[in-house]
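Hi,

Here is the structure I said I would pass on. Have a look at it first, and my notes follow underneath.

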Amino acid sequence: MVRVRFAPSPTGYLHVGGLRTALYNYLFAKRHGGVCILRIEDTDRTRLVEGAAEALLTTLRWAGIEFDESPEKGGDCGPYVQSERFDLYRQYAAELVERDAAYYAFDTAEELDAMRKRMQDAGVAWRYDRTTMRNQYTLGEAETKRLLDEGAPKTVRMKVPLSGEIRFNDLVRGPIEVPARDVDDQILLKSDDFPTYHLANIVDDHFMKITHVIRGEEWLPSTPKHALLYDALGWERPQFAHLPLLLNPDKTKLSKRQGDVAVEDYRDKGYFHEALVNFVALLGWNPSSDREIFTMQELIDTFDLSKVNKAGAVFDVQKLDWMNSEYLRAKPLDELARDIMPAMQASGVTTTPDYLASVIGLVRERIHKLNEVPAFTTYMFHAPTEYEAEFKEKHWLPEHAAPVRSLAERLTATDWKAASLQETTKAFAKESGIKVGVFMNVLRLMITGRSVGAGMFETMELLGKDECLKRINTALQVFGG
RNA sequence: GGCCCCAUCGACUAACGGUUAGGUCACCACCCUUUCAAGGUGGCUGUACGGGUUCAAAUCCCGUUGGGGUCACCA
């Protein structure tokens with residue numbers, strides 16, 4: 001039974017890289033009929049942000065990712081919040097010491113900083129030296145016991161072998177090995193008795209029966225420590241899969257400085273969750289097909305960890321925009337109208353769902369995101385209050401007044417359907433010896449006041465005969481025909 | 001700097017020893033046309049470099065270069 005987990009820290013918004021990690025875990029679980037767990041890793045009390053855990057869950061749900069076991073849903077391996085599992089970590093920290101795979105250290109943060117600085121100045125790579133620092137080995141059994149008994153501040157550190165290689169297999173990268181002498185004696189239990197990530201993580205993964213650890217590449221360097229911990233406790237190691245990083249255009253790790261990184265930012269900017277998920281799914285993985293558009297179910301059906309790429313992927317917003325417009329064109333109009341109605345009202349427009357749906361139908365191919373609708377379609381809801389100067393300058397001539405009047409009369413006699421309007425206009429243009437384009441632009445100017453918009457005849461049909469004639473007359477007066 | 005990871009068009013990627021190195025986004029041109037789009041057609045540009053192995057290398061091996069990640073009582 002496949003069991004995977006997404007384990008964010010409640011320190012803020014959900015990063016798009018986090019979304020992809022959560023998504024791959026979810027897809028992998030669903031693909032194999034397994035279980036996807038959400039675990040909150042809140043062992044660092046100093047970075048805790050109020051309400052962040054709930055926000056994370058809300059955002060994940062918006063994206064269409066549902067967990068089988070989570071803090072709110074519960075499950076057989078709970079609790080799913082690390083701060084509620086502290087006893088377990090202390091117990092296994094002690095167990096590790098018992099097995100001589102970890103030890104007590106009494107150095108203060110200041111002493112460590114000083115040592116670090118000294119070594120750095122000397123140009124030596126920093127690693128905790130358990131033969132010279134203040135710990136149970138240098139202090140001796142009696143002194144250690146005395147310090148422990150009197151409750152002196154202490155930490156528990158991993159006892160990493162001084163020689164040999166640490167090997168593990170990565171489902172994405174293959175076999176990896178690192179010299180044990182390059183691995184630091186990581187702190188497992190802090191002086192406040194709280195566990196660090198490394199301890200809490202492996203204890204939880206073990207007791208939550210996690211079979212595959214799928215996480216970002218930034219965890220690769222600490223995986224040897226995790227492997228060592230599983231071994232020391234006599235636990236079976238899970239399979240590891242480290243995902244390639246999401247990158248800025250300059251190839252550095254995706255960061256706030258160079259654009260939006262919060263999933264919420266994209267949601268608020270009007271991207272569909274289907275598009276974001278689809279886009280992010282294809283960053284670092286691809287089912288070897290030429291297809292670009294996938295529903296969540298299709299992603300589940302084709303997801304394959306062995307096809308995940310090794311190299312980082314640049315997050316290209318232009319392609320996201322394209323993908324979003326694909327969804328914009330495919331979605332039902334009534335659904336789009338319903339979604340954007342609040343924004344329409346907020347911009348001062350009162351309209352009906354049906355009319356709004358028709359408007360969207362006319363403009364959806366001209367925009368990338370739903371939230372562009374209000375600003376793009378003002379003329380569909382009220383007559384223009386001003387006319388684009390440059391456009392008018394280019395297309396309006398006083399001698400157009402008379403022909404336009406005649407055309408308007410001719411159009412009045414039709415059934416005011418787009419096809420008839422077009423046919424009549426073309427016929428009239430031919431008859432009067434004026435180019436169709438001239439009429440088109442003048443009508444657009446008079447009716448919409450703008451240079452860009454939906455198809456002219458479709459727009460006129462939707463606006464209705466009375467409204468169009470009114471706008472034409474108004475313009476004629478304003479322009480001084 | 002130490003350690004680890006990585007390397008196909010500008011970007012996302014396909015090709016798991018044999019293809020004229022394919023697709024998508026972006027870009028350019030043309031067509032369509034009623035503005036803007038969309039659509040259609042075509043084009044542009046790539047296996048980082050150097051050595052091997054092999055009849056045959058983008059693909060396997062080694063090295064170089066380049067990029068990234070990581071080196072906390074943060075995750």
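Of the contacts in chain A between residues at least 6 apart in sequence, 75% join residues at least 24 apart. Bear in mind throughout that this is a predicted model.

On the overall build: chain A has 21 helices and eleven strands. Its radius of gyration is 32 Å, well over the 23 Å that the globule rule gives for 481 residues, so the chain is more spread out than a compact globule. Along the principal axes, the C-alpha atoms fill a box of roughly 110 × 50 × 35 Å. Buried residues account for 50% of the 481 in chain A. The accessible surface comes to about 23,100 Å², and carbon and sulfur atoms own 50% of that.

Now the inside. The largest nonpolar core has 104 residues, and the members that touch the most others are Leu19, Tyr24, Leu60, Phe315, Met446 and Met460. Helix H1 (residues 16–31) gives this core its largest share, nine residues. There is also a second, separate core of 42 residues, with Val160, Leu199, Leu233 and Trp235 among its members. Going back to Leu60, its contacts beyond four places in sequence are Phe6, Leu14, Leu19, Ala22, Leu38, Ile65 and Phe67.

Arg5 is one to click on. This arginine sits in strand S1 (residues 3–6). Is Arg5 buried or exposed? With a relative accessible area of 3%, Arg5 falls under the 20% cut-off and so counts as buried. Its side chain has a polar contact of 2.9 Å with the side chain of Asp205, and another, at 3.4 Å, with that of Asn201. Skipping residues up to four places away in sequence, Arg5 touches Asn25, Ile37, Arg39, Tyr197, Asn201, Asp205, Ile210 and Val213.

Several of those partners take you to helix H7 (residues 197–207), where nine of the eleven residues are buried. Both Asn201 and Asp205 are among the buried ones, as are Tyr197 and Leu199. What covers the buried part of H7 includes S1, helix H3 (86–98), S7, strand S8 (212–216) and helix H8 (223–233). Just after H7, look at Lys209, which takes a positive phi of about 55 degrees.

S7 also comes up in the sheet around strand S4 (residues 155–158). S4 runs antiparallel to strand S3 (residues 102–105), with four bridges between them, and Ala105 stands opposite Thr155. Two bridges join S4 to S7 (residues 187–189), again antiparallel, and here Val156 stands opposite Leu189. As for the side chains of S4, Thr155 and Arg157 point one way while Val156 and Met158 point the other, and all are buried.

For contrast with Arg5, try Lys256, in the loop between strand S10 (246–247) and helix H9 (263–268). At 48% relative accessibility, Lys256 counts as partly exposed. Leaving out neighbours within four places in sequence, its contacts are Tyr13, Val261 and Asp265. Lys256 and Arg3 are 253 residues apart along the chain, and their C-alpha atoms are separated by 32 Å.

If you only have a few minutes, I would start with Arg5 and its polar contacts to Asn201 and Asp205, then follow the chain through H7 to Lys209.

Cheers

Notes: Residues are numbered from 1 along each chain as its sequence is written. Chains are lettered from A and ligands numbered from 1 in the order in which they are written. This is a predicted model: local features need pLDDT of at least 70, side-chain atom pairs count only at pLDDT 80 or more; totals for chains, interfaces and linings use all residues. Side-chain values use heavy atoms; hydrogens and water are left out. Buried means under 20% relative accessible area, exposed over 50%, partly exposed in between (1.4 Å probe, protein chains only). Two strands pair if DSSP finds at least two bridges between them. A nonpolar core is a set of buried Ala, Val, Leu, Ile, Met, Phe, Trp, Tyr and Cys residues joined through side-chain atoms within 4.5 Å. Contact means heavy atoms within 4.5 Å. A polar contact is a pair of N or O atoms within 3.5 Å; within protein, one must be able to donate a hydrogen and the other to accept it, and residues adjacent in sequence count only if both atoms are side-chain atoms. The radius of gyration is taken over C-alpha atoms; the globule rule is 2.2 Å times the number of residues to the power 0.38. Accessible areas come from the Shrake-Rupley method with a 1.4 Å probe; for residues, only the protein chains shown count as cover.
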